[in-house]
Amino acid sequence: MTHAPTGPAVDPAHDDLGAAWRSARPRPAGRHLDSAACSRQSHRVLEAVAHHARHEAELGGYVAEATAEHLLQQGRSVLGGLVGMAAADVVFVESAQAALAALLTGWRLPPGAAVACLPGEYAPNTALLRAAGLAPRPLPVDGLGRVDLDGLSRLLASDPPRVVHLTHIGSHRGLVQPAAEVAARCRAAGVPLVLDAAQSLGHVDTDVGADVVYSTSRKWLAGPRGVGVLCVRPPVAGELVPLLAGAADLPPLRAFESGEAHVAGRVGLVLAVGEHLAAGPERVRARLAGLGRATREVLEGVAGWRVVEPVDEPTATTTLRPPEGVDVVTTRARLLTEQGIVTTAIGRERAPGEMTGPVLRVSPHLDATVDDLEALATAL
Ligand SMILES: *Cc1c(COP(=O)(O)O)cnc(C)c1O
């Protein structure tokens with residue numbers, strides 16, 4: 001998108017939230033603009049993780065886990081609330097990818113069943129669908145890669161897929177999909193909707209009416225690495241067959257929760273979700289959207305780099321196409337080693353159905369400032 005230079009960049013809003021988020025965690029070594037890869041955890045989250053690990057050494061791992069069960073159940077409840085589901089519909093796994101793998105393993109859909117996905121689907125997701133014997137089919141989209149809702153309605157009426165799988169916000173593009181509208185149309189057509197919320201949980205509203213939502217701890221919720229969540233509404237949960245039957249006194253979906261796990265990490269995620277709720281999800285979303293807008297305004301056209309997203313897309317993630325002859329991987333490395341600015345270089349292989357070349361991804365969290373963005377502009 002072109003955007004005429006405007007003088008001072010737009011105020012990202014809710015500066016108090018930025019200051020509180022910054023003071024709640026260790027000082028960054030440089031400028032962290034990479035939350036779409038991994039956010040910075042707070043002191044309280046880091047301490048809760050360490051505390052649980054210590055408890056394991058004192059009490060025994062399984063005894064410590066039992067003492068944490070009440071907290072973990074609160075976490076399932078709160079995470080469920082963020083996606084419009086109940087605690088019984090939520091299980092902890094190791095990552096978003098592990099969640100999708102667990103879902104597909106349990107669902108046992110017939111070989112060749114059609115799964116409609118974005119042309120810009122995250123490549124590891126497409127690979128998992130294919131490995132499960134399923135047939136990815138393209139969802140109709142506009143020129144930017146956003147679902148064309150009328151086209152979706154026509155697809156659902158004429159040639160409905162077995163499942164629609166929608167990645168809510170891409171890894172390679174800070175575009176948010178109209179997930180609530182997609183969910184309503186899928187529901188009306190009787191087609192289950194699976195939502196990849198790896199980039200959207202804690203970033204935009206994820207209570208959109210999807211039948212399955214899965215996500216990860218370390219990105220926008222700023223929890224520990226190595227933890228993910230799988231949330232499944234009862235009608236789809238009833239179609240899942242676990243490897244081994246779960247305990248009779250637990251919700252059936254619990255059979256899909258990984259037994260051996262970094263329980264301390266799960267404890268940390270529960271604390272991180274609590275911090276997200278305390279900050280106020282709507283205020284968080286407003287500030288993240290404001291930071292995205294500020295990022296695009298500050299960076300568009302700088303040294304020939306071009307912003308891919310519309311300037312007012314309500315996300316914090318911005319991707320930049322390089323000027324002719326500039327290598328994105330080298331630029332990312334130079335920003336890190338010379339300026340201490342953390343970003344991600346994304347190659348075409350991440351979403352080969354949509355990307356035409358590499359991009360530099362800039363994804364500030366609440367603590368970022370216009371000064372950070374201007375430092376990046378200067379460095380570019
Ligand atoms: C990061 C990401 C994933 C995978 O998450 P993991 O927790 O690393 O498995 C899936 N989908 C999207 C869109 C992502 O950005």
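Two strands pair if DSSP finds at least two bridges between them. In this predicted model, strand 7 (residues 212–216) and strand 8 pair in the antiparallel sense over 5 bridges, and Ser215 stands opposite Val229 in strand 8. The points below cover two sheets, the helices that pack against one of them, the nonpolar cores, and two further helix topics.

**The sheet of 7 strands**

- This open sheet has the strand order 2-8-7-6-5-3-4, and its pairing is mixed.
- Strand 2 and strand 4 (135–138) stand at the edges with a single partner strand each, so one side of each has no neighbour in the sheet.
- On average, neighbouring strands of this sheet are turned by 20 degrees against each other, direction ignored.
- Strand 2 (residues 90–93) runs antiparallel to strand 8 (residues 228–232), and 4 bridges join the two.
- Phe92 of strand 2 stands opposite Val229 in strand 8; Val229 also has Ser215 opposite.
- Strand 2 is covered on both faces: Val90 and Phe92 are buried on one side, and Val91 and Val93 are buried on the other.

**Helices on this sheet**

- Helix 3 (residues 61–82) lies across strand 2 and strand 8, and runs at about 110 degrees to strand 2.
- Helix 4 (residues 96–107) packs on the sheet, where it touches strand 2, strand 5, strand 6, strand 7 and strand 8.
- The direction of helix 4 makes about 150 degrees with that of strand 7.

**Nonpolar cores**

- In soluble globular proteins, nonpolar side chains tend to be buried together.
- The largest nonpolar core here has 44 residues, of which Leu79, Val164, Leu166 and Val182 touch the most other members.
- Helix 9 (residues 263–279) gives the largest share of this core, with 8 residues.
- Apart from this core lies another, of 28 residues, among them Val91, Trp107, Leu134 and Val194.
- Val182 is in contact with Val147, Leu149, Leu152, Val164, Leu166 and Leu193, leaving aside its neighbours within four places in sequence.

**Helix 7**

- The buried residues of helix 7 (residues 179–189) are Ala179, Val182, Ala183 and Cys186.
- These residues lie on the same side of helix 7, because they cover an arc of only 100 degrees around the axis.
- The spacing follows a general rule: an α-helix has 3.6 residues a turn, so residues three or four places apart point the same way.
- Helix 6 (149–158), strand 5 (163–167) and strand 6 (193–196) are among the elements that cover the buried residues of helix 7.
- Gly190, just after helix 7, takes a positive phi of about 75 degrees.

**Helix 1 and helix 10**

- Helix 1 (residues 15–23) packs with helix 10 (residues 281–299) at an angle of about 100 degrees, and their axes are 10 Å apart.
- Angles of 65 to 115 degrees count as roughly perpendicular, and helix 1 and helix 10 are therefore roughly perpendicular to each other.
- Helix 1 makes the contact through Asp15, Asp16, Leu17 and Gly18, and helix 10 through Arg283, Val284 and Arg287.

**The sheet of 4 strands**

- This open sheet has the order 9-10-13-12, with antiparallel pairing.
- Its edge strands are strand 9 (306–307) and strand 12 (344–346), each of which pairs on one side only.
- Strand 10 (residues 318–321) pairs with strand 13 (residues 359–362) in the antiparallel sense over 3 bridges.
- In this pair, Thr318 stands opposite Val362 in strand 13.

Note on methods:
Residues numbered from 1 in each chain as written. Predicted model: local features only at pLDDT ≥ 70, side-chain atom pairs only at ≥ 80, totals over all residues. Heavy atoms only, no water. Buried < 20%, exposed > 50% of the residue type's maximum accessible area, 1.4 Å probe, protein only. Arc of directions from axis to C-beta. Contact = heavy atoms within 4.5 Å. Core = buried A, V, L, I, M, F, W, Y, C linked by side-chain atoms within 4.5 Å. Axes fitted to C-alpha atoms, helices over the stretch in contact; angles between N-to-C directions. Parallel < 35°, antiparallel > 145°, perpendicular 65-115°, else oblique.
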